[in-house]
Amino acid sequence: MAVEPVVYGTSTRPPRGDYARARDDYTCEQDWSAYTEADHATWRRLFDRQSALLPGLACDAFIKALPSLGTSDHIPRFDEINQRLKPATGWELVAVPGLIPERPFFELLAKRRFPVTDWIRQPEEFDYIVEPDVFHDLFGHVPLLFSPVFADYVQRYGAGGLKAHDLGAGELLSRLYWYTIEFGLIRQADGLRAYGAGILSSSGELRHSVTSPQPQRIALDLQRCMRTRYKIDDFQATYFVIDSFDQLFELTTPDFTPLYESVRAAGDLSADASIASDSPITLG
Ligand code: HBI
Ligand code: FE
């Protein structure tokens with residue numbers, strides 16, 4: 001095979017996806033004709049359930065851009081979405097066989113190429129799947145790539161990731177990805193909403209993250225965020241909240257090299273830690 005598969009966390013299950021199809025940069029063709037009627041039906045059911053949950057829970061920019069994915073009848077062709085996405089923000093979707101290693105992942109993002117897993121979960125995994133599939137990657141991530149400032153943030157994240165990787169700070173920076181691009185909340189004029197793809201593609205966590213009194217929600221602070229470990233197999237205990245995508249973009253303008261040093265000096269925090277300097281956000 002051209003490239004090695006990747007396993008994150010401590011799972012003993014072999015990685016899904018056929019990495020023999022992948023090129024050296026881990027991209028592959030979306031084999032659209034290989035989807036079965038059952039695969040398309042899974043997409044349709046996931047899409048319909050999730051879109052019905054969005055009002056009052058997903059941020060406005062996400063709801064506005066969702067129709068850009070096209071019909072919910074079948075798994076979209078990435079090329080068709082690209083015809084709309086490229087003119088909108090210069091981003092392009094590329095198919096990948098599943099999770100890919102950090103460095104090629106960051107390289108794609110830095111080039112405004114978003115890796116989308118091309119296979120879909122099995123019916124018995126309808127409610128929950130640990131690793132990203134095409135529903136998580138497309139439904140969760142792609143609508144906000146139509147939002148110019150957010151799209152710029154994701155590219156900047158990729159470029160920063162390449163630097164972080166070389167500085168041995170990949171893990172610290174991946175926490176920023178996790179708590180913004182995957183599990184971020186945003187304060188809109190009409191209340192708290194989700195913009196993170198891990199939330200937006202999950203039926204359970206969407207309501208939990210925005211409305212449950214259980215998790216803590218704190219204003220995004222880069223050092224606080226990068227100190228905080230995260231859960232990959234449960235709802236988050238902590239969500240970080242932004243006020244706008246402009247704020248997120250501006251926060252990540254400076255060079256992170258000194259920040260990594262202060263994060264290391266301050267030490268890790270558990271996923272549910274609370275510290276005196278936190279600015280908690282209470283539910284309206
Ligand atoms: N690969 N396909 C894919 N999708 C991801 O979200 C992803 C990845 N590889 C690495 C990775 N995420 C993480 O390192 C991020 O936390 C940065
Ligand atoms: Fe994701």
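A residue is called buried here when its relative accessible area is under 20%, and the exercises below apply this cut-off to a predicted model.

**Exercise 1.** Classify the pair formed by the rings of Tyr179 and Phe240, and decide whether each residue is buried or exposed.

*Solution.* Begin with the geometry: the ring centres of Tyr179 and Phe240 are 4.9 Å apart and the planes meet at 70°, so the pair is edge-to-face, given that an angle over 60 degrees is required for that class. Next, place the partners along the chain, where Tyr179 belongs to helix 7 (residues 170–182) and Phe240 to strand 6 (residues 238–242), so that the pair links distant parts of the chain, 61 residues apart. Finally, turn to accessibility: Tyr179 has a value of 0% and therefore counts as buried, and Phe240, at 1%, counts as buried too.

**Exercise 2.** Determine how the rings of Phe135 and Phe139 are arranged, and place these residues in the helix and in the cluster.

*Solution.* The structure holds 20 aromatic pairs, and one of them joins Phe135 to Phe139, with 4.8 Å from centre to centre and 25° between the planes, which makes the pair stacked. Both residues lie in helix 5 (residues 134–141), and because they are four residues apart there, about one helical turn separates them. Phe135 and Phe139 are both buried, and ring pairs link them with Trp43, Phe47 and Phe62 into a cluster.

**Exercise 3.** Identify the rings over which the charged ends of Arg77 and Arg156 sit.

*Solution.* For Arg77, the charged end sits over the ring of Trp32, 3.9 Å from the ring centre. For Arg156, the ring is that of Phe249, with the charged end 3.7 Å from its centre.

Notes. Residues are numbered from 1 along each chain as its sequence is written. Chains are lettered from A and ligands numbered from 1 in the order in which they are written. This is a predicted model: local features need pLDDT of at least 70, side-chain atom pairs count only at pLDDT 80 or more; totals for chains, interfaces and linings use all residues. Side-chain values use heavy atoms; hydrogens and water are left out. Rings of Phe, Tyr and Trp (its six-membered ring) pair if their centres lie within 6.5 Å; planes under 30 degrees apart count as stacked, over 60 as edge-to-face and the rest as tilted. Helices (H or I, at least four residues) and strands (E, at least two) are DSSP runs, numbered from the N terminus. Buried means under 20% relative accessible area, exposed over 50%, partly exposed in between (1.4 Å probe, protein chains only). A charge sits over a ring if NZ of Lys or CZ of Arg is within 6 Å of the ring centre and within 35 degrees of the ring normal.
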